[in-house]
Amino acid sequence: WRGLEGAPYSTLVPSDEVTINYRHGLPVITLMLPTRSERCQFTVKPVVTTVGAFLQDVQREDKGIERAEVFATDGSKVSDATLMEVLLMNDFKLVINNTAYSVSPPVKDKLSSEHATEMEDIKSLVHRLFVALHLEDHQIRKERELLQKLDHLKGELLPLEQMKARIVDSADAKTSRLLWVGLALMSTQGGALAWLTWWVYSWDIMEPVTYFITYGSAMAFYAYFVLTKQDYIYPHAKDRQFLHYFYRKSKKQRFNVERYNKLKDDLAEAEESLRRLRQPLHLRLPIQEISDKD
């Protein structure tokens with residue numbers, strides 16, 4: 001049998017001289033070292049180990065190996081960059097010096113069926129180790145970041161909250177004054193109509209006046225609906241007037257309402273994230289300890 005380069009091999013050794021077994025989900029390649037005359041096992045990681053890396057490991061183990069190559073069954077040379085996972089899918093020939101070893105990897109389907117339970121146990125163990133070593137540190141680091149973010153947001157919101165409180169007080173005072181003025185005008189109107197009816201004119205004269213006053217009020221309420229698309233309900237009208245005074249005062253004092261709302265949303269989001277992080281099921285702490293932190 002000849003390789004790709006045409007160099008003959010003096011010996012073609014049966015496949016039992018090089019065996020491949022799986023332990024803990026990793027392939028273990030056992031072969032005879034030519035100069036040391038002893039069998040040696042090489043455990044490879046098929047997903048990351050290349051054919052070239054495996055051959056280098058074999059040559060480092062036995063300094064008397066001058067040539068180590070891998071060929072496919074059709075005689076073509078396997079690239080050193082090929083992953084061992086790809087190589088172990090089919091039969092191949094391992095050439096060490098002038099000896100060619102015929103290698104038949106175990107069937108992968110049969111292997112996965114035999115070691116499925118063992119692999120699941122290993123995955124579960126790795127997951128538990130990762131959680132024990134990293135999850136708590138990650139949660140503590142995340143909690144520290146959220147606390148720093150909360151302090152930063154509260155620091156930015158403090159002057160805005162003070163300015164907003166002053167603007168709210170001013171807008172609320174103006175709205176209250178407007179309501180009292182409306183009550184005073186309605187009282188004055190009622191007193192004037194009563195004085196004109198009983199002391200100046202008679203009801204026959206004042207009745208058309210009151211009718212047109214009532215009709216004018218209905219027109220004013222309808223105009224309010226046309227302009228605002230809302231019924232004239234006293235609480236809604238009060239809130240609308242309050243917002244009018246609030247935004248006008250904010251513009252004068254250069255109070256950025258959009259920035260304030262954005263900071264409030266960020267603060268609420270950070271507080272919710274911190275609350276969820278501190279839940280007993282996430283942080284795995286007693287409820288009393290979490291209450292003390294809060």
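This report describes a predicted model of a protein chain, beginning with its overall make-up and moving on to a sheet, its aromatic pairs and two helices.

## Overall make-up

The protein chain contains 9 helices and 7 strands. Of its 294 residues, 28% are buried. When the contacts with a separation of 6 or more are considered, 58% of them are accounted for by residues that stand 24 or more positions apart in the chain.

## A sheet of three strands

Strands E2, E3 and E4 make an open sheet of 3 strands in the order E2-E3-E4, and the pairing within it is antiparallel. E2 and E4 (38-43) are found at the edges, where each has a single partner strand, so that one side of each is left without a neighbour in the sheet. Averaged over the sheet and with direction ignored, neighbouring strands are turned by 30° against each other.

The strand E2, which covers residues 19-23, has two contrasting faces: Ile20 and Tyr22 belong to the covered one, whereas Thr19, Asn21 and Arg23 belong to the uncovered one. This arrangement can be read alongside a general rule. In a regular strand, side chains alternate between the two faces of the sheet. E3, by comparison, is described as mostly covered, with 6 of its 8 residues buried.

## How the strands are joined

E2 is joined to E3 (residues 26-33) by 5 bridges, and the two strands run antiparallel. Ile20 has Ile29 of E3 as its bridge partner, Tyr22 stands opposite Pro27 in E3, and Arg23 stands opposite Leu26, also in E3. The two strands form a hairpin with 2 residues between them, and His24, which lies in the turn, has a positive phi of about 55°.

The pairing of E3 with E4 is likewise antiparallel and extends over 6 bridges. Here Leu33 has Glu38 of E4 as its bridge partner. The hairpin of E3 and E4 has 4 residues between the strands, and in this hairpin Ser37 takes a positive phi near 55°.

## Helix H1 and its link to the sheet

Helix H1, made up of residues 51-61, lies across E3 and E4 and runs at about 145° to E4. An aromatic pair also links this helix with the sheet, and it is one of the 8 aromatic pairs that the structure holds. The rings of Phe42 and Phe54 have centres 6.0 Å apart and planes at 85°, and because an angle over 60 degrees counts as edge-to-face, the pair is placed in that class. Since Phe42 lies in strand E4 and Phe54 in helix H1, the pair ties together parts that are 12 residues apart in sequence.

Both partners fall below the cut-off for burial, which is set at under 20% relative accessible area. Phe42 has a relative accessible area of 8% and is therefore buried, and Phe54, at 2% relative accessibility, counts as buried too.

## Aromatic residues later in the chain

Phe246 and Tyr247 form another edge-to-face aromatic pair, with a centre-to-centre distance of 5.6 Å and 90° between the planes. The two residues differ in their exposure, since Phe246 counts as buried at 9% relative accessibility, while Tyr247 counts as partly exposed at 46%. Both belong to one aromatic cluster, which is formed by Phe242, Phe246, Tyr247, Phe255 and Tyr260.

## Helices H5 and H7

Helix H5 consists of 26 residues, 203-228, which at 1.5 Å a residue should span 38 Å; the C-alpha atoms at its ends are 37 Å apart, so the expected and computed spans agree. Met206, Thr210, Tyr224 and Thr228 are buried in this helix. Just after H5, Lys229 takes a positive phi of about 60°.

Helix H7 consists of 21 residues, 257-277, and for these the expected span at 1.5 Å a residue is 30 Å, which agrees with the 30 Å that separate its end C-alpha atoms. At the start of H7, Asn256 places a side-chain oxygen within 3.2 Å of the backbone nitrogen of Glu258. The buried residues of H7 include Val257, Leu263, Asp266, Leu267, Ala270, Leu274 and Leu277. Tyr260 is buried in H7 as well, and this residue is also a member of the aromatic cluster described above.

Methods:
Residues are numbered from 1 along each chain as its sequence is written. This is a predicted model: local features need pLDDT of at least 70, side-chain atom pairs count only at pLDDT 80 or more; totals for chains, interfaces and linings use all residues. Side-chain values use heavy atoms; hydrogens and water are left out. The expected span of a helix is 1.5 Å times one less than its number of residues. Buried means under 20% relative accessible area, exposed over 50%, partly exposed in between (1.4 Å probe, protein chains only). A polar contact is a pair of N or O atoms within 3.5 Å; within protein, one must be able to donate a hydrogen and the other to accept it, and residues adjacent in sequence count only if both atoms are side-chain atoms. Two strands pair if DSSP finds at least two bridges between them. Axes are lines fitted to C-alpha atoms, for helices over the stretch in contact, and angles run from 0 to 180 degrees between N-to-C directions. Contact means heavy atoms within 4.5 Å. Rings of Phe, Tyr and Trp (its six-membered ring) pair if their centres lie within 6.5 Å; planes under 30 degrees apart count as stacked, over 60 as edge-to-face and the rest as tilted.
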